[in-house]
Amino acid sequence: MNTDSTVLISKYLKEYNHIYKEANDIYHEIARKLQLSDSALDIFYTIFEIGDNCLQRDICKASCMPNQTVNSSIRKLQTDGYLTLSPGKGRSMHIHLTASGKKLIQEKLLPLIQIENDTLASFSPEECEQLLRLNAKYNQTLRSRLSNLEEDL
């Protein structure tokens, strides 16, 4: 219940929140259909995007997932035979796809990426640029204003 009657959720915020949550739900359903956890899907996607032999911290940064989530998911994927780890400098660990991991990416992830590419191809280049620009602007502005909020607390 809203405890301050002067603060309202604007129609734009309401719609944006719905769109954001709908996108999350779509990717949750994709992961479920691919018989993967949400974090496993994000990890395979990120490894495909940035390359095999990447570092765990690279996966965290590229996927925007917390280190603890990535670490526990990588351990599970390692136990399941999809990934192996090798030491890097200091405490860093390199992530390597096994043959099973490579097969999973070929059979499950590449068809998803093709659908995503086809979906964006249905937009004009200008629409794609606008979509990216506006989402980036929203995130940058929100992050900046939230950092100010933290300073005020």
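What follows is a walk through this structure, from its biggest opening to a few local details. Keep in mind that the model is a predicted one.

Let's start with the pocket. The largest pocket holds about 1900 Å³ of space. Its lining counts 38 residues, and the ones nearest the centre are Tyr20, Ala23, Asn24, Tyr27 and Asn135. If you want to know who builds the wall, look at the helices: H1 (11–33), H2 (38–50), H3 (56–63), H5 (99–121) and H6 each put at least two residues into the lining. Helix H1 gives the largest share, with 14 residues. As for chemistry, the lining of the largest pocket splits into 22 nonpolar, eight polar and eight charged residues. So if you are setting up a view of the pocket, Tyr20, Ala23, Asn24, Tyr27 and Asn135 mark the residues nearest its centre.

Now turn to the surface. A nonpolar patch sits there, made of Ile9, Leu13, Tyr138, Leu142, Leu146 and Leu149, and together these residues have about 510 Å² of accessible area. Helix H6, running over residues 125–152, brings four residues to the nonpolar patch, which is the largest share. Two of the patch leucines are worth a click. Leu149 is found in helix H6, and with a relative accessibility of 45% it falls in the partly exposed class. Leu146 also belongs to helix H6, and Leu146 is partly exposed as well, at 39% relative accessible area. Both values clear the cut-off for joining a patch, because membership asks for over 30% relative accessible area and no salt bridge. Leu146 also gives you a handy distance to check: its C-alpha lies 43 Å from that of Ala99, with the two positions 47 residues apart in sequence.

Next come the charged contacts. Searching the whole structure turns up three salt bridges. In one of them, Arg32 pairs with Glu29, and their closest N and O atoms are 2.7 Å apart. Why do these two sit about one turn from each other? Arg32 and Glu29 are three residues apart in helix H1, so about one helical turn separates them. Neither partner is buried: Arg32 is partly exposed at 48% relative accessible area, and Glu29 is partly exposed at 28%.

Helix H5 has a pair with a related layout. Lys103 and Glu107 meet through their side chains in a salt bridge, at 4.0 Å from N to O. Here the spacing is four residues within helix H5, which means that Lys103 and Glu107 are again about one helical turn apart. That 4.0 Å is right at the limit, because a salt bridge asks for a nitrogen within 4 Å of a carboxyl oxygen. Lys103 itself is partly exposed, at 48% relative accessibility.

The remaining salt bridge joins Lys76 and Asp80, with 2.8 Å between the closest N and O atoms. Asp80 counts as partly exposed, with a relative accessible area of 39%. Asp80 also shows up in a longer-range distance: the C-alpha atoms of Tyr45 and Asp80 are separated by 17 Å, while the two residues are 35 apart along the chain. Tyr45 has its place in helix H2, and at 25% relative accessibility Tyr45 is partly exposed.

What about the backbone? Two residues have a phi you might want to look at. Gln35 has a positive phi of about 60° although it is not a glycine. Gln35 lies in the loop between H1 and H2, and at 69% relative accessibility it counts as exposed. Cys64 also has a positive phi of about 60°, and Cys64 is not a glycine either. You'll find Cys64 in the loop between H3 and helix H4 (67–79). Cys64 is exposed, with a relative accessibility of 69%.

Last stop: strand E1, which covers residues 54–55 and includes Leu55. Is Leu55 buried or exposed? Leu55 is buried, because its relative accessible area of 11% is under the 20% cut-off. From Leu55 you can also step back to Ile30: their C-alpha atoms are separated by 25 Å, and the two residues are 25 apart along the chain.

Notes: Residues are numbered from 1 along each chain as its sequence is written. This is a predicted model: local features need pLDDT of at least 70, side-chain atom pairs count only at pLDDT 80 or more; totals for chains, interfaces and linings use all residues. Side-chain values use heavy atoms; hydrogens and water are left out. Patches are made of residues with over 30% relative accessible area and no salt bridge: like charges are joined within 9 Å, nonpolar side chains (Val, Leu, Ile, Met, Phe, Trp, Tyr) within 5 Å. Accessible areas come from the Shrake-Rupley method with a 1.4 Å probe; for residues, only the protein chains shown count as cover. Buried means under 20% relative accessible area, exposed over 50%, partly exposed in between (1.4 Å probe, protein chains only). On a 1 Å grid over the protein atoms alone, a cavity is a set of points where a 1.4 Å probe fits but cannot get out, and a pocket is an open set with protein on both sides within 12 Å along at least five of seven lines; lining residues have an atom within 4 Å of a point. Grid points are joined across faces, edges and corners, and a volume is the space filled by probe spheres set on the points. Ala, Val, Leu, Ile, Met, Phe, Trp, Tyr, Cys and Pro count as nonpolar, Asp, Glu, Lys and Arg as charged, and the others, Gly among them, as polar.
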